[in-house]
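This short report describes the overall build of one protein. Look at the sequence and the structure first, then read on.

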Amino acid sequence: MRWPADAPAFLLGVATSGHQVDGDCPPTHSDWTDWEDAGRTRERSGAAARHWQHFPDDLARFRQLGANAYRFSLEWSRLEPDPGRYDEAAVAHYREMVAACRQHGLEPLVTVSHFTLPPWLRGGWLSPAAVPRFAALASHMARALDSVRLWCTINEPNVLALMGYVEGQWPPGQHRPASAMRVLSAQLRAHRAAYRAMKQENPALWVGIAHSLVHFRPLRPTPGDRAAAWAADRLFNAWPIAHAGPQDFLGVNYYAPRWVSPATLMHPALAGSSPGPTTDMGWSVDPEGFTAILVRLGHRQKPLLVTENGIATDDEAQRAAYIHDHRAALERAQAAGADVRGYFYWSGLDNFEWAEGYRPHFGLIAVDRDTQARTVKAGAAAFTAWADAIRPGAPPPPPR
Ligand code: FCB
């Protein structure tokens with residue numbers, strides 16, 4: 001596959017997802033709006049960042065920060081309010097978003113499904129209709145947004161399976177590991193069907209998955225803990241990549257490591273303790289883990305796109321250090337041979353963090369929840385410094 005000739009050689013962007021920023025959720029609802037109505041989140045998504053209305057100004061701000069790319073997601077329940085019936089106004093909205101990306105010099109990377117599902121898909125990904133309906137939606141949108149070259153079919157199939165079917169913190173709130181594996185397989189089947197359908201529309205598209213990857217570390221240097229870390233890595237990281245079928249690039253969502261032992265492995269969430277300082281999500285900061293994951297994936301001889309990486313904090317020095325250190329970690333992976341073509345900071349805007357509500361602040365830009373006013377945060381300077389360094393014609397970086 002050839003990289004689109006006029007796309008930036010290195011994509012430096014920000015990421016969002018529809019349900020987390022759009023606001024005023026569709027009258028048609030989604031499984032997440034139903035989940036919020038049932039009181040299963042800290043608060044409701046409500047108006048979110050009203051990105052549905054404010055996207056032109058938001059995109060202009062992303063550009064001012066130095067971004068040359070933008071990753072956003074489609075909201076399935078807005079696009080297909082009833083099975084097989086597409087809402088032309090919603091399709092037109094996404095066309096306008098793509099046009100605004102082009103106007104601001106942002107290469108769009110569009111995710112077809114970022115967790116939320118239409119309520120008519122009873123049984124979610126386990127519904128027999130899920131795979132064919134998803135593939136039809138993906139090819140419909142590849143046609144409608146024909147200037148978009150970069151696509152993620154599905155965001156983090158492993159996380160949806162874990163949170164919805166093992167931990168039960170996300171819809172449908174189950175604790176059934178066997179169902180989790182079926183849901184993971186169904187999403188990978190949906191990816192394969194969508195991949196084929198989209199490539200029929202346009203063989204030049206770059207289509208992949210945004211995989212959530214965790215750096216599993218042994219809690220103690222014992223054989224048992226090492227085996228537990230290996231097993232967690234196989235199941236959570238390696239299995240979905242190996243069984244997804246064709247992918248033109250590997251999307252990498254990387255945030256944090258986890259320390260595991262046989263005891264923590266028995267915990268449904270594969271959770272481990274996190275020694276040392278953590279972010280507002282309770283996650284440790286581990287840029288070396290980022291390098292390790294990118295270098296290892298790089299051996300698969302596929303281009304990599306970091307589709308998400310970022311920090312929830314109100315300490316802007318900590319945010320700047322996180323970005324700076326993960327940039328250095330990515331550059332170390334490139335120097336070791338990993339073919340990393342882009343990096344998307346999560347997130348452009350403060351947004352609705354699923355079960356956690358609005359408490360964690362991942363954004364480069366703060367959003368006032370009452371007035372919707374936007375304020376660029378001090379930590380965004382580290383992102384802009386990176387953008388300045390990769391600008392065409394910028395002087396080469398000093399030797400490390
Ligand atoms: C990822 C999700 C994204 C956001 C970040 C913090 O797992 O893809 O929607 O919630 O975590």
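The text below covers the fold, the surface and the nonpolar cores.

The model is predicted. The protein contains 13 helices and ten strands. Its radius of gyration is 20 Å, close to the 21 Å that the globule rule gives for 400 residues, so the protein is as compact as a globular protein of that length. The C-alpha trace spans about 55 × 55 × 45 Å along its principal axes.

Contacts also describe the fold. Of the contacts between residues at least 6 apart in sequence, 77% join residues at least 24 apart.

The table lists some values for the whole protein.

| Property | Value |
|---|---|
| Buried share of the 400 residues | 59% |
| Exposed area | about 15600 Å² |
| Share of exposed area from carbon and sulfur atoms | 55% |
| Positive side chains | 40 |
| Negative side chains | 40 |
| Distance between the centres of the two charge sets | 7 Å |

What lies inside? In soluble globular proteins, nonpolar side chains tend to be buried together. The largest nonpolar core in this model has 108 residues. Which of its residues touch the most other members? They are Trp-125, Met-141 and Trp-151.

Trp-125 can be followed further. Leaving aside residues up to four places away in sequence, Trp-125 touches Trp-76, Ser-113, Leu-117, Ala-130, Phe-134, Ile-154, Leu-160, Val-183, Ala-186, Gln-187 and Ala-190.

A second core is separate from the largest one and has 19 residues. Among them are Leu-11, Ala-210, Met-281 and Phe-362.

Key:
Residues numbered from 1 in each chain as written. Predicted model: local features only at pLDDT ≥ 70, side-chain atom pairs only at ≥ 80, totals over all residues. Heavy atoms only, no water. Helix = DSSP H or I, 4+ residues; strand = E, 2+ residues; numbered from the N terminus. Rg over C-alpha atoms; globule rule 2.2 N^0.38 Å. Buried < 20%, exposed > 50% of the residue type's maximum accessible area, 1.4 Å probe, protein only. Contact = heavy atoms within 4.5 Å. Areas by Shrake-Rupley, 256 points an atom, 1.4 Å probe, with all protein chains shown as cover. Lys, Arg positive; Asp, Glu negative; His and termini not counted. Charge placed at Lys NZ, Arg CZ, Asp CG, Glu CD. Core = buried A, V, L, I, M, F, W, Y, C linked by side-chain atoms within 4.5 Å.
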